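User: I am new to this structure and would like to understand how its descriptive terms are earned. Could you take me through the reasoning step by step?

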Amino acid sequence: SGEGLQGAHMITIRWEAFSFLPGFAMGTAAGALAGQYLGAGNPRKATQTVLACTAVAVGMMGILGLVFIFFGEFLTRIVSDDPVLMENTPTLLLICGVVQIFFAITLVVRQGLRGVGDTKWTFLITTVSSYGVRLPAAWFFGVHLGWGLPGIWLGLCGEFIVRASLFSARFIHGGWKRLSL
């Protein structure tokens, strides 16, 4: 039965916010600073800034990912001891905990690329990974394979691995260093 699954989904997102909000903040910092450095003609410093912000976000989100993985039942019990929530939320927290480092890379490198004006590539990567990977994967695991909400979360969270790889490849490629702001 699907009763309580929306609650499990929402509780997981609320706990996950403790992780992605600091990552989003580091991404905002990376974008602003990298854009200033590139605008000042210093691509080396722009690169260092994005890497430093990524390292901070990976550290913070990685630690919280471990908390989600190892303390999912405890975190769920803080909110509710409803059997449906206790059965489902720790599994969702485990899934999202595993990908927190990839989520951190996605958040920071994407914002860093936006900050230096590489908006065409950030749009393309986000659109292709969202509609070409994320949604089909969520459907495939959740509906087609019948894994339900955990399958949907596998698809949604697993896409962060693809997205982090694509943003990292674009960042390493360095085409953004030749943009004029």
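User: Why does threonine 89 count as buried?

Analyst: This is a predicted model, so every value here is computed from predicted coordinates. Buried means under 20% relative accessible area, and threonine 89 has 0% relative accessibility, so threonine 89 counts as buried. Threonine 89 is found in helix α3, which spans residues 83–98, and, leaving aside residues up to four places away in sequence, threonine 89 touches Ala8, Ile11, Thr12 and Thr76.

User: What makes phenylalanine 18 buried or exposed?

Analyst: The term exposed applies over 50% relative accessible area, and phenylalanine 18 has 53% relative accessibility, so phenylalanine 18 counts as exposed. Phenylalanine 18 lies in helix α1, and its C-alpha atom is separated by 9.8 Å from that of methionine 60, although the two residues are 42 residues apart along the chain.

User: How do you know whether α1 is roughly parallel or antiparallel to α2?

Analyst: The axes of helix α1 (residues 5–39) and helix α2 (residues 43–79) come within 9 Å and cross at roughly 175°. Angles over 145 degrees count as roughly antiparallel, and therefore α1 is described as roughly antiparallel to α2. The residues of this contact of α1 with α2 divide into 25 nonpolar, four polar and two charged.

User: Why are α2 and α4 described in relation to each other as they are?

Analyst: The two helices pack at an angle of about 155°, with their axes 7 Å apart. Since the cut-off for roughly antiparallel is over 145 degrees, α2 and α4 are therefore roughly antiparallel to each other. The crossing in which α2 passes α4 is right-handed. Among the residues that meet are Val50, Cys53 and Phe68 in α2, and Gln100, Ile101 and Gly112 in α4. By class, the contact of α2 with α4 has 13 nonpolar, five polar and no charged residues.

User: What makes the pair of aspartate 118 and arginine 170 a salt bridge?

Analyst: A salt bridge needs a side-chain nitrogen of Lys or Arg within 4 Å of a carboxyl oxygen of Asp or Glu, and the side chains of aspartate 118 and arginine 170 meet with an N to O distance of 2.6 Å, which satisfies that rule. Aspartate 118 lies in the loop between α4 (100–115) and α5 (119–144), and arginine 170 in helix α6 (residues 148–173), so the pair ties together parts that are 52 residues apart in sequence. Aspartate 118 is buried, with a relative accessible area of 3%, and arginine 170 is buried as well, with a relative accessible area of 11%. By this rule the count comes to four salt bridges.

User: How do you know that Arg134, Glu159 and Arg163 are linked?

Analyst: Arginine 134 forms a salt bridge with glutamate 159, the closest N and O atoms being 2.9 Å apart, and this pair links distant parts of the chain, with arginine 134 in helix α5 and glutamate 159 in helix α6, 25 residues apart. The side chains of arginine 163 and glutamate 159 also meet in a salt bridge, at 2.7 Å from N to O. Arginine 163 and glutamate 159 both lie in helix α6, four residues apart, about one turn of the helix. Glutamate 159 takes part in both pairs, and Arg134, Glu159 and Arg163 are thus linked in a network of salt bridges.

User: Why is glutamate 159 called buried?

Analyst: Its relative accessible area is 1%, and buried means under 20%, so glutamate 159 is buried. Arginine 163 is buried too.

Technical notes:
Residues numbered from 1 in each chain as written. Predicted model: local features only at pLDDT ≥ 70, side-chain atom pairs only at ≥ 80, totals over all residues. Heavy atoms only, no water. Axes fitted to C-alpha atoms, helices over the stretch in contact; angles between N-to-C directions. Parallel < 35°, antiparallel > 145°, perpendicular 65-115°, else oblique. Nonpolar A, V, L, I, M, F, W, Y, C, P; charged D, E, K, R; others polar. Buried < 20%, exposed > 50% of the residue type's maximum accessible area, 1.4 Å probe, protein only. Contact = heavy atoms within 4.5 Å. Left-handed = near helix turned anticlockwise from the far one by under 90°.
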